[in-house]
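Let's take a walk through this fold, from the middle outwards. Keep the viewer open as you read.

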Amino acid sequence: MVEPATLPVITLNGEESVEHDSGTPYEDAGATVADSAGNALDASQLVVSSNVNVNVPGSYAVAYDYTAPDGTKAPTKVRVITCLLYTSPSPRDQRGSRLA
């Protein structure tokens, strides 16, 4: 068994939890990966899986996995995306009253 201190480490760019307006494109902030000493590894080797559906409000996950050339696997890192139902503000006149 590999000791946790020697495993590669995935770090999310940005927040672990993101709120996003449904119906608009979502682009994840990505992640980096480093060895246990903090040396950068090839982030292009990260495997990204996502079930985000911006057309349906709800909570979704973007998961990052990495396997080093020696077969050592980093613990999966997950970002939770909450797609919120976006409603545009009601039109109002100059006094702030709703328009019909």
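## The nonpolar core

Which residues of the largest nonpolar core touch the most other members? Keep in mind that you are looking at a predicted model. The core has 14 residues, and the ones touching the most other members are Ile10, Ala31, Val33, Leu46, Tyr64, Tyr66 and Cys83. Two or more core residues come from each of strand E1 (9-12), strand E3 (31-34), strand E5 (58-65) and strand E6 (77-84). With three residues, E5 gives the most. In general, nonpolar side chains of soluble globular proteins tend to be buried together.

Cys83 is a good one to click on. Setting aside neighbours within four places in sequence, Cys83 is in contact with His20 and Ser22, with Val52, Asn53, Val54 and Val56, and with Pro57, Gly58 and Tyr60. One of these, Gly58, also stands opposite Cys83, which sits in E6.

## The whole chain

Don't go hunting for helices: the secondary structure comes to zero helices and six strands. Read from the N terminus, the elements simply go β-β-β-β-β-β.

Of the chain's 100 residues, 24% count as buried. The exposed surface is about 6900 Å², and carbon and sulfur atoms supply 52% of that area. As for how the chain meets itself, take the contacts between residues at least 6 apart in sequence: 53% of them join residues at least 24 apart.

## The four-stranded sheet

Four of the strands make an open sheet, ordered E2-E6-E5-E4, with mixed pairing. Strand E2 (17-21) and strand E4 (47-50) are the edges, each pairing on one side only. From one strand to the next, the twist averages 20 degrees. As background, strands of a sheet pair through backbone hydrogen bonds, either parallel or antiparallel.

Here is how the pairs work out. E5 and E6 run antiparallel and are joined by seven bridges. Along that pairing, Ala61 stands opposite Val80 in E6, and Tyr60 stands opposite Ile81, also in E6. E4 and E5 run antiparallel too, with four bridges between them; here Ser49 faces Ala63 in E5. E2 and E6, on the other hand, run parallel and share five bridges. In that pair, Leu84 of E6 is the bridge partner of Asp21.

## Salt bridges onto E6

How many salt bridges does the structure hold? There are two. One is between the side chains of Glu16 and Lys77, at 3.7 Å from N to O. Glu16 lies in the loop between E1 and E2 while Lys77 belongs to strand E6, so the pair ties together parts that are 61 residues apart in sequence. Glu16 counts as partly exposed because its relative accessibility is 49%, and Lys77 is also partly exposed, with a relative accessible area of 27%.

The other joins Asp28 to Arg79, whose closest N and O atoms are 2.7 Å apart. Asp28 comes from the loop between E2 and E3 and Arg79 from strand E6, so this pair ties together parts that are 51 residues apart in sequence. Is Arg79 buried or exposed? Arg79 is buried, because its relative accessible area is 1% and anything under 20% counts as buried. More generally, side chains of opposite charge can pair when their charged atoms come close.

## A stop at Val78

Between those two salt-bridge stops, have a look at Val78, which lies in strand E6. Why does Val78 count as partly exposed? Its relative accessibility is 37%, and partly exposed covers the range between 20% and 50%.

Leaving out residues up to four places away in sequence, Val78 touches Leu12, Glu16, Ala61, Val62 and Ala63. Glu16 deserves a second click: the C-alpha atoms of Val78 and Glu16 are separated by 7.0 Å, though the two are 62 residues apart along the chain. Glu16 is also the residue whose side chain meets Lys77 in a salt bridge.

Note on methods:
Residues numbered from 1 in each chain as written. Predicted model: local features only at pLDDT ≥ 70, side-chain atom pairs only at ≥ 80, totals over all residues. Heavy atoms only, no water. Core = buried A, V, L, I, M, F, W, Y, C linked by side-chain atoms within 4.5 Å. Buried < 20%, exposed > 50% of the residue type's maximum accessible area, 1.4 Å probe, protein only. Contact = heavy atoms within 4.5 Å. Pairing = 2+ DSSP bridges. Axes fitted to C-alpha atoms, helices over the stretch in contact; angles between N-to-C directions. Areas by Shrake-Rupley, 256 points an atom, 1.4 Å probe, with all protein chains shown as cover. Salt bridge = Lys/Arg side-chain N within 4 Å of Asp/Glu carboxyl O.
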